[in-house]
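Work through the exercises below with the model open. Try each task before reading its solution.

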Amino acid sequence: MTIVVTGASQGIGAAIAEAFAARYDDARVALVARSTGKLESVADTCRDHGATPLVCPTDVTDDEAVAAMAERVHDTWGTPDVVVNNAGAFTPAPLSELTAEGFRSQIDVNLTSAFVVTQAFLPPMRKRGSGHLFYTASVASLQAYPGNAGYCASKHGLRGLARVVREETKDEGVRVTTVFPGATHTPTWEGVDIDPERLMPAEDIAATVVQAYALSDRTVMEEVLLRPQQGDV
Ligand SMILES: NC(=O)c1ccc[n+]([C@@H]2O[C@H](COP(=O)([O-])OP(=O)(O)OC[C@H]3O[C@@H](n4cnc5c(N)ncnc54)[C@H](OP(=O)(O)O)[C@@H]3O)[C@@H](O)[C@H]2O)c1
């Protein structure tokens, strides 16, 4: 099986790539992000699990780079079984400090990139009549977090995109799952004074994604909300 994961160089994306590699003997995992060195390290872990990785250094906000990455994946392995739209950035700023440029950049990386990646991989999935698209959204897709207008807007939008993709593809064998994690222990939280034990492990988000994929193709886990046991931090 072939999996494409964006934002695979660390955090939740790396955990998802490694979880598929560990679960499926025949996993072929395309690892997409900008940091080649970190992708190579995730590739080594996937290889240790017996999977075949493909390191795809790509800026997902660059449409041409995404097209080239998708062409490489298709040329190497054909139509993927799973595409995980996970790349994202969290840049909090109160409205008094948020610039239009800052707002747009959150929309670009968290929302528009998922649209562009979806458009790159969905047509052959529809033609084949199977495939599974995942979107790593956020609790910020569902409620307002002051100081996070750009992030909340992008993640609310991501949920809307995923819901439309789901509706437009439900009769075509394509499954669509949106995951809404709360605070998860990843490099995003570096420098924040918080006990890592208070946060969810990225491996739990990854296990949920793999489990959603593993369900029968008569069932789709449309949306799943995951929060730390003690709630938001
Ligand atoms: N951690 C949390 O508490 C939490 C909670 C809810 C939702 N989420 C969501 O979960 C996803 C992963 O979060 P995380 O905590 O694992 O974040 P992270 O540790 O900051 O990792 C973000 C990933 O996205 C990639 N990325 C960022 N900008 C990119 C770009 N322009 N092109 C390609 N790749 C890019 C990064 O790789 P490069 O820098 O190498 O490009 C990295 O692999 C994000 O969508 C985030 O919004 C996280």
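## Exercises on a predicted model

In strand 4, Val83 is the bridge partner of Val4. The model is a predicted one.

**Exercise 1. Which strands pair with strand 1, and in what sense?**

Step 1. Take strand 4 (residues 82-85). Strand 1 joins strand 4 through 3 bridges, and the two run parallel. The pair Val4 and Val83 belongs here.

Step 2. Take strand 2 (residues 28-33). Strand 1 pairs with strand 2 in the parallel sense, over 5 bridges. Val5 has Leu31 as its bridge partner in strand 2.

Step 3. Trace the connection. From strand 1 the chain passes through helix 1 (residues 11-23) to strand 2, a right-handed β-α-β crossover.

Step 4. Return to Val4. In strand 2, Ala30 stands opposite Val4.

**Exercise 2. Find how strand 2 continues to strand 3, and decide how enclosed strand 2 is.**

Step 1. Count bridges. Strand 2 and strand 3 (residues 52-57) are joined by 6 bridges and run parallel. One of the partners to check is Thr52 in strand 3, which pairs with Arg28.

Step 2. Follow the chain. Helix 2 (residues 36-48) carries the path from strand 2 to strand 3, and this β-α-β crossover is right-handed.

Step 3. Judge burial. The cut-off is under 20% relative accessible area. In strand 2, 5 of the 6 residues are buried, so the strand is largely enclosed by the rest of the structure.

**Exercise 3. Sort the residues of strand 1 by the way they point. Are they buried or exposed?**

Step 1. Recall the rule. Side chains in a regular strand alternate between the two faces of the sheet.

Step 2. Apply it. Thr2, Val4 and Thr6 point one way from strand 1. Ile3 and Val5 point the other way.

Step 3. Check burial. All of these residues are buried. Strand 1 is therefore largely enclosed by the rest of the structure, with 5 of its 5 residues buried.

**Exercise 4. Describe the surroundings of Thr6.**

Step 1. Place the residue. Thr6 lies in strand 1 (residues 2-6).

Step 2. Quantify exposure. Thr6 has a relative accessible area of 3%, so it is buried.

Step 3. List contacts beyond four places in sequence. Thr6 is in contact with Val32, Val60, Val84, Asn85, Asn86, Ala87 and Val117.

Step 4. Look for a polar partner. A polar atom of the Thr6 side chain lies 2.9 Å from the backbone nitrogen of Ala87.

**Exercise 5. What does Ala14 touch, and how far is Ala144 from Ala14?**

Step 1. Locate Ala14. Its place is in helix 1. Its relative accessible area is 8%, so Ala14 is buried.

Step 2. Leave out residues up to four places away in sequence. Ala14 then touches Gly7, Ala8, Ser9 and Val42.

Step 3. Take the distance. The C-alpha atoms of Ala14 and Ala144 are separated by 27 Å, and the two residues are 130 residues apart along the chain.

**Exercise 6. Which residues come nearest to the ligand, and how much of the ligand does the protein bury?**

Step 1. Survey the surroundings. There are 30 residues around the ligand, of which Ser9, Arg34, Ser35, Tyr151 and Thr186 come nearest.

Step 2. Inspect polar atoms. An N or O atom in the Arg34 side chain is 2.7 Å from an oxygen atom of the ligand. For Gln10, a polar side-chain atom lies 2.8 Å from a ligand oxygen atom. Gly7 places a backbone N or O atom 3.1 Å from an oxygen atom of the ligand.

Step 3. Read the burial. The ligand taken alone exposes 880 Å², and the protein buries 91% of that.

Notes:
Residues numbered from 1 in each chain as written. Predicted model: local features only at pLDDT ≥ 70, side-chain atom pairs only at ≥ 80, totals over all residues. Heavy atoms only, no water. Helix = DSSP H or I, 4+ residues; strand = E, 2+ residues; numbered from the N terminus. Buried < 20%, exposed > 50% of the residue type's maximum accessible area, 1.4 Å probe, protein only. Polar contact = N/O pair within 3.5 Å; in protein donor to acceptor, adjacent residues only side chain to side chain. Contact = heavy atoms within 4.5 Å. Pairing = 2+ DSSP bridges. Right-handed = clockwise from strand over helix to strand, strands pointing away. Near = heavy atom within 4 Å. Areas by Shrake-Rupley, 256 points an atom, 1.4 Å probe, with all protein chains shown as cover.
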